[in-house]
Amino acid sequence: MYRMECEKVETLSSGEIDCDDFKAKLLRHQDKPAIINVNIGTTVKGAVDDLDLVIQKLEEAGFSQDRFYIHVDGALFGLMMPFVKRAPKVTFKKPIGSVSVSGHKFVGCPMPCGMWNTLLLGMRLSIMGSRNGHAPIFLWYTLNRKGYRGFQKEVQKCLRNAYYFKDRLIEAGIGAMLNELSSTVVFERPHDEEFIRKWQLACKGNIAHVVVMPNVTIEKLDDFLNELVQKRATWFEDGTFQPYCIASDVGENSCLCAQHK
């Protein structure tokens with residue numbers, strides 16, 4: 001949109017920014033200011049970028065605070081992280097420019113919406129008619145109805161169920177990964193497209209994921225896993241097909257293919 005030069009930064013197997021590669025890219029472009037997007041829960045793996053380390057690498061590369069702008073994209077996990085004790089703090093006391101979160105994901109607003117937060121000096125006006133007036137009413141209602149304790153319980157439930165699901169997948173011999181600060185469980189892509197459509201799985205290459213939200217119960221996870229195990233027995237019974245190798249996606253320690261068991 002702005003015709004600016006875009007530099008892709010490598011990621012770790014967890015999905016987080018590779019901060020060594022990030023610093024190397026910064027050093028290559030020291031003549032220009034930097035605009036950085038930091039993720040609080042990536043789309044596929046639910047990875048949380050290390051904001052403090054990103055800031056440290058900017059400083060090491062010689063970028064003063066007036067020469068960089070950090071946007072923190074907290075679409076899904078941005079509203080969950082404040083209720084996780086071990087999670088890092090995202091605050092405007094750190095040199096960040098803006099934070100965004102979605103209202104239709106964890107909070108459950110019935111229409112797609114988002115909140116963008118920044119520190120502004122002076123008056124700013126948006127274009128008349130460019131905002132859905134119902135969305136903030138739904139958000140206000142939900143925030144007030146559930147309150148801090150209610151959201152805290154839901155976050156704890158999501159994380160607890162995600163760890164349960166990841167452990168059950170591994171017990172069934174299915175390669176799986178769960179980032180520490182996430183409720184997104186990544187695992188081997190099923191071989192049957194009909195199964196994928198039935199369970200509305202989001203897939204990328206050899207991996208699929210399940211995002212454990214408050215409506216995803218232990219019973220639902222068990223139903224999914226039991227059917228997946230039964231299907232796998234059919235897919236692999238004659239040796240024609242083998243489980244996908246997901247080592248390049250999530251690391252060798254999380255892969256349970258024939259080569260990495």
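**Overall build**

I began with the secondary structure, and for the protein chain I found 6 helices and 8 strands, where helices are DSSP runs of H or I with at least four residues, strands are runs of E with at least two, and both are numbered from the N terminus. I noted that this is a predicted model, in which local features need pLDDT of at least 70 and side-chain atom pairs count only at pLDDT 80 or more, while totals for chains, interfaces and linings use all residues. Residues are numbered from 1 along each chain as its sequence is written, and side-chain values use heavy atoms, with hydrogens and water left out.

Reading from the N terminus, I wrote down the order of elements as α-β-α-β-β-β-α-β-β-α-β-β-α-α. I then looked up the extent of the C-alpha trace, which spans about 65 × 50 × 35 Å along its principal axes.

For burial, I found that 43% of the 261 residues in the protein chain are buried, a term that stands for under 20% relative accessible area, with exposed set at over 50% and partly exposed in between (1.4 Å probe, protein chains only). The accessible surface comes to about 15600 Å², and carbon and sulfur atoms hold 53% of that; these areas come from the Shrake-Rupley method with a 1.4 Å probe.

I also looked at contacts, meaning heavy atoms within 4.5 Å; among those between residues at least 6 apart in sequence, 62% join residues at least 24 apart. For charge, I found 33 positive and 31 negative side chains, with the centres of the two sets 8 Å apart; Lys and Arg count as positive, Asp and Glu as negative, and His and the chain ends are not counted. Each charge is placed at NZ of Lys, CZ of Arg, CG of Asp or CD of Glu.

**K105, the annotated lysine**

I looked up K105 next, where an unreviewed UniProt entry places the feature "modified residue: N6-(pyridoxal phosphate)lysine"; I kept in mind that such annotations may be inferred rather than shown by experiment. K105 lies in the loop between β3 (98-102) and β4 (114-118), and I recorded it as partly exposed because its relative accessibility is 36%. Not counting residues up to four places away in sequence, K105 touches A75, L76 and M213.

**V90, in the loop that leads to β3**

I found V90 in the loop between β2 (68-73) and β3, and at 30% relative accessibility V90 counts as partly exposed. Leaving out residues up to four places away in sequence, I listed its contacts as I40, L51, V72, M81, I96 and V99. I also took the C-alpha separation of V90 and D52, which is 9.3 Å for two residues 38 apart along the chain.

**T42 and S182, two buried loop residues with polar contacts**

T42 sits in the loop between β1 (34-39) and α2 (51-60), and I entered it as buried because its relative accessible area is 17%. The side chain of T42 reaches the backbone nitrogen of A47 at 2.9 Å, a polar contact, which is a pair of N or O atoms within 3.5 Å, one able to donate a hydrogen and the other to accept it within protein, and with residues adjacent in sequence counted only if both atoms are side-chain atoms.

I placed S182 in the loop between β5 (176-178) and β6 (184-188), where its 2% relative accessibility makes it buried. A polar atom of the S182 side chain lies 3.4 Å from the backbone oxygen of G46, and with residues up to four places away in sequence set aside, S182 touches K45, G46, F77, L159 and A162.

**Q200 and L201, between α4 and β7**

Q200 is in the loop between α4 (193-198) and β7 (202-204), and I noted that its phi is near 50°, a positive value in a residue other than glycine. Most residues other than glycine have a negative phi. At 69% relative accessibility, I recorded Q200 as exposed.

L201 lies in the loop between α4 and β7 as well, but I entered L201 as buried because its relative accessible area is 11%. Not counting residues up to four places away in sequence, its contacts include F187, P190, F195 and F224.
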